[in-house]
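Open the model in your viewer and keep the selection box at hand. The tour below goes stop by stop: select, look, move on.

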Amino acid sequence: MLRARKPINSSKEEIIEEKPTIRENFQHYLMNASLHGLKYMGDTTMSLFERCFFVVSFVVVFVLSGYFISNVWQKWSETPIIISINPIGIPLTTIPFPAVTICNMNQARISAARIALKGSLEDSMLDSLCGSSKEFKSNNNSTGRWSQLKRFLMNASQPCSETLIFCRFASKTVPCMDIFWSSLTDDGLCCTFNTVHPDFMFHTTINDNMWELEGSNANYSKGVPIDWTPETGYPKEMPENAFPRQAAGTGHDMGLTVGLNCDVSNYYCSSTNSYGFKILLHAPTETPKVKNFGFFVAPGTEVRVVVNPRINTASEMIRRVPIEQRQCVFANERNLSYFRTYTQENCEMECESLIVSKQCGCILYYMPKTTADAEICSLKDAKCYEMILASLVFNNSSHSCSCLPACYEIDYERRSSTSPLGVGKFLLRENFLKKDNIAVVHLYFVENTIHSYTKGELIGFTDFLSSTGGLLGLFMGFSVVSLVEMFYYISMRPHCSKRIQQNPNATQKVTPTFVAWKPDSLSVKRNLRNRQAGIVFAPIFYTFSDYNASKITLVKSKQHL
C-alpha cells in the first residue's frame with residue numbers, strides 16, 4: 001500500500017512515497033485474497049470476537065482438507081493399480097493355441113533297464129529316474145555328465161514317434177512328428193505341441209542341442225517359426241504354416257485330437273503310482289512343469305478338454321509405477337540369462353537351477369544348463385536339492401527367487417470330461433482304435449471372444465491432482481489463482497514498491513480529473529472507516545483559483561478530513 005501526501009502549489013508538484021510495511025502488505029492481502037474467510041480476518045471494522053471466529057473456522061477447514069487429502073495420497077501411494085476386465089473382446093483367432101506337453105508316466109522302458117549292469121553308470125542313472133533316496137542301491141554315486149545322461153534318456157524313454165499314433169488339428173489329419181517334438185521336462189522326456197522354436201526360447205545355440213534329444217529324428221515342426229511373445233503378439237502378416245499356431249476356431253473339429261499309445265507292457269517304473277499319461281497346457285514361451293501341475297489321462301479312455309484362455313495385459317501408464325507396487329514385470333525390465341522371454345515360470349526354473357548348482361554342486365537333469373558337460377545330480381544329492389526346492393516352495397528367506405508375474409501373460413484353464421473307450425465292443429468312429437492301452441484326447445475352445453484382464457492405474461497423477469484441488473476448493477476456495485496471489489504478495493509487490501521508491505521520476509503523477517469537490521457525509525464516513533482499518537489515505541481537495549480556456553490553476557484547500 002502506498003501512503004501519499006500530495007501538496008501541490010501553482011509552481012511545483014511534489015510526490016512523497018513510502019515503502020509499504022510487511023503488516024500493511026499482509027493486511028492488503030487479507031482484504032483482497034480469493035481464499036474464503038481471509039477478508040473477514042483482516043476487516044478491522046469487525047469485533048475481535050468475530051475475527052477470532054473466522055480464524056478458528058479457517059484453521060478447522062484447513063485441517064479437515066489436509067486430513068482428506070492425506071487419505072487420497074495414501075490410496076494413491078499404496079494401491080495405485082486396479083485390475084479390470086477389458087470391455088473390448090479379443091478375437092480367438094489372434095491368440096495361440098495352447099502348447100500341449102504329453103508325458104508317458106513310464107520313466108524307463110523295461111528293455112533299456114535289462115541291459116543296465118549293476119553298479120554301472122547306467123544303473124545309477126536308472127536309479128535317479130525311477131528310485132528315491134531311500135531306495136538308492138547302486139554302488140555308483142554319480143549320474144554322470146549331461147551328455148551321458150542325454151544318451152541314456154534317448155534309449156530308455158519311449159520316443160514320441162511311438163507315443164503318438166494319431167494327430168488331427170483344425171479338422172486336418174497330419175503326421176504327428178510334423179507338429180510334435182521331444183522336450184525335456186521335470187517328468188522325463190515328453191512330447192510337446194505348439195511351443196516357440198528353440199532359437200526364440202533360449203539365448204544360446206548350445207541349449208537347442210541339449211533339448212533336442214532324438215537327434216536326426218527330432219524336428220521342430222515342419223513350418224515357419226515366429227518370434228511370438230505375450231507382449232508383442234503375432235506379426236501383422238503371417239506366413240503360411242507358421243508356428244506357434246493360432247487358434248483356428250471353436251468346437252471339437254477346430255481343436256487338437258491326439259491318439260496316445262501307453263504301451264503298458266514295456267513299463268519298468270512309473271513317475272506316479274499308476275500308468276497312463278500326464279498332460280499340461282501352458283503358454284508357448286514357458287517351460288512346462290508337468291510333475292506337479294499335469295493332469296492324468298488313463299489308457300482306455302476318451303477325454304474331452306475344454307480350454308479357457310486367461311489373458312493378462314497392462315496399460316503403458318503403469319510403467320512409471322514401481323515394480324514392487326504394480327507386482328508385474330514388463331519384458332524389457334528383467335532379462336534372464338537362459339531364456340529369451342521373461343515369464344514367472346521361466347524365471348523360477350532358472351533361479352532353481354542357479355541355487356541348486358551353488359548349494360549342491362550339481363543340477364537336476366531337466367534344469368537349464370550353461371555347458372554340455374554340466375554335472376547332473378544323483379540320488380546321493382537328493383537330500384540337498386529336495387531341501388532347497390521345498391524352501392523355494394514355502395518362500396524361505398534363505399532361498400528366494402523373487403519372480404513376479406509378467407505384465408503380459410496368457411494362461412490356459414481347462415475343464416475335462418472322461419468316457420471309457422469301446423474298443424472291440426462295437427463299431428467306432430476312429431479307425432486307429434484297434435488295440436488296447438490307447439487313450440484319445442480332444443482339446444478345443446468354446447468361445448470366439450476373450451475378455452482380457454488389464455492392469456491400469458487406480459489413481460493417476462491427474463486424478464490425484466483433481467481430487468486434491470476439489471477438496472481444497474470445497475473447503476477453502478483454493479485455486480491456482482490463489483497461488484498466483486501468494487506469489488505476487490510475497491515477491492512481486494514488495495519488489496515493485498522498492499523500485500518505485502528508488503526511482504520517483506518513474507511514478508505516474510496524479511492529475512485530478514475534477515476541478516472542485518465538496519465532501520459529503522458518506523465520503524467522510526468512508527474515510528474514517530479506512531483510517532480505522534489502517535489504510536491511510538488523506539484526500540486533498542482543490543478549488544478554482546483561475547480559469548481560462550488554456551489553463552486550470554488549482555489551489556490547495558485548507559479543508560482536510
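Buried means under 20% relative accessible area, exposed means over 50%, and partly exposed lies in between. Keep that cut-off in mind, and remember that this is a predicted model.

**Stop 1: helix α5**

Select residues 121–130, which make up helix α5. Which residues of this helix are buried? They are D123, S124, M125, L126, D127 and L129. Now show what lies over them. The cover includes β6 (106–109) and α4 (110–114), along with α6 (146–156) and β14 (267–270).

**Stop 2: L153 on helix α6**

Stay with the cover and pick L153, a residue of helix α6. Is L153 buried or exposed? Its relative accessible area is 1%, so L153 is buried. Draw a distance from its C-alpha to that of M125: the two are 9.0 Å apart in space and 28 residues apart in sequence. Next, list the contacts of L153, skipping neighbours within four places in sequence. L129 of the first stop is among them, and the others are W146, L184, L189 and Y365.

**Stop 3: the whole protein**

Zoom out and colour by secondary structure. The protein has 17 helices and 23 strands. Of its 561 residues, 44% are buried. Switch on the surface: about 30,600 Å² is accessible, and carbon and sulfur atoms account for 55% of that. How many of the contacts between residues at least 6 apart in sequence join residues at least 24 apart? The share is 72%.

**Stop 4: two nonpolar cores**

Select V100, I102, L164, F180, L256, L260 and L443. These residues have the most contacts inside the largest nonpolar core, which has 44 residues. Centre on V100. Leaving out neighbours within four places in sequence, V100 is in contact with F180, L256 and L443, among others. Its further partners are C191, T192, F193, I279, L280 and L281. Then find the second core, which is separate and has 43 residues. Among its members are F152, M367, A374 and C377.

**Stop 5: N261 on strand β13**

Select residues 256–261 to bring up strand β13, and pick N261 in it. N261 has a relative accessible area of 12%, so N261 counts as buried. Look at its side chain: one polar atom there lies 3.3 Å from the backbone nitrogen of D263. What else is in contact with N261, beyond neighbours within four places in sequence? The set is N104, Q158, E162, T163, I165, F277, K435, N437 and I438.

**Stop 6: salt bridges**

Side chains of opposite charge can pair when their charged atoms come close. For this stop, a salt bridge is a side-chain nitrogen of Lys or Arg within 4 Å of a carboxyl oxygen of Asp or Glu. The count comes to ten.

Start with R320 and E457, whose closest N and O atoms are 3.1 Å apart. R320 sits in the loop between β17 (301–314) and α12 (323–326), while E457 is in strand β21 (residues 453–457), so the pair ties together parts 137 residues apart in sequence. R320 is exposed, at 53% relative accessibility. E457 is partly exposed, at 23%.

Go on to R326 and E333. Their closest N and O atoms are 2.7 Å apart. Which side of this pair is buried? R326 is, because its relative accessibility is 3%. E333 has a relative accessible area of 30%, so E333 is partly exposed.

Then select K380 and D381, a salt bridge of 3.3 Å from N to O. K380 is partly exposed at 47% relative accessibility. D381 is buried at 12%.

Finish this stop with E231, E316 and R319, which are linked in a network of salt bridges.

**Stop 7: a nonpolar patch on the surface**

Turn the surface back on and select V56, V60, L64, Y67 and F68. Together they form a nonpolar patch with about 450 Å² of accessible area. Pick L64, which belongs to helix α3 (residues 48–78). Its relative accessibility is 37%, so L64 counts as partly exposed.

Notes
Residues numbered from 1 in each chain as written. Predicted model: local features only at pLDDT ≥ 70, side-chain atom pairs only at ≥ 80, totals over all residues. Heavy atoms only, no water. Patch = residues over 30% accessible without salt bridge, like charges linked within 9 Å, V, L, I, M, F, W, Y side chains within 5 Å. Areas by Shrake-Rupley, 256 points an atom, 1.4 Å probe, with all protein chains shown as cover. Helix = DSSP H or I, 4+ residues; strand = E, 2+ residues; numbered from the N terminus. Buried < 20%, exposed > 50% of the residue type's maximum accessible area, 1.4 Å probe, protein only. Core = buried A, V, L, I, M, F, W, Y, C linked by side-chain atoms within 4.5 Å. Contact = heavy atoms within 4.5 Å. Polar contact = N/O pair within 3.5 Å; in protein donor to acceptor, adjacent residues only side chain to side chain.
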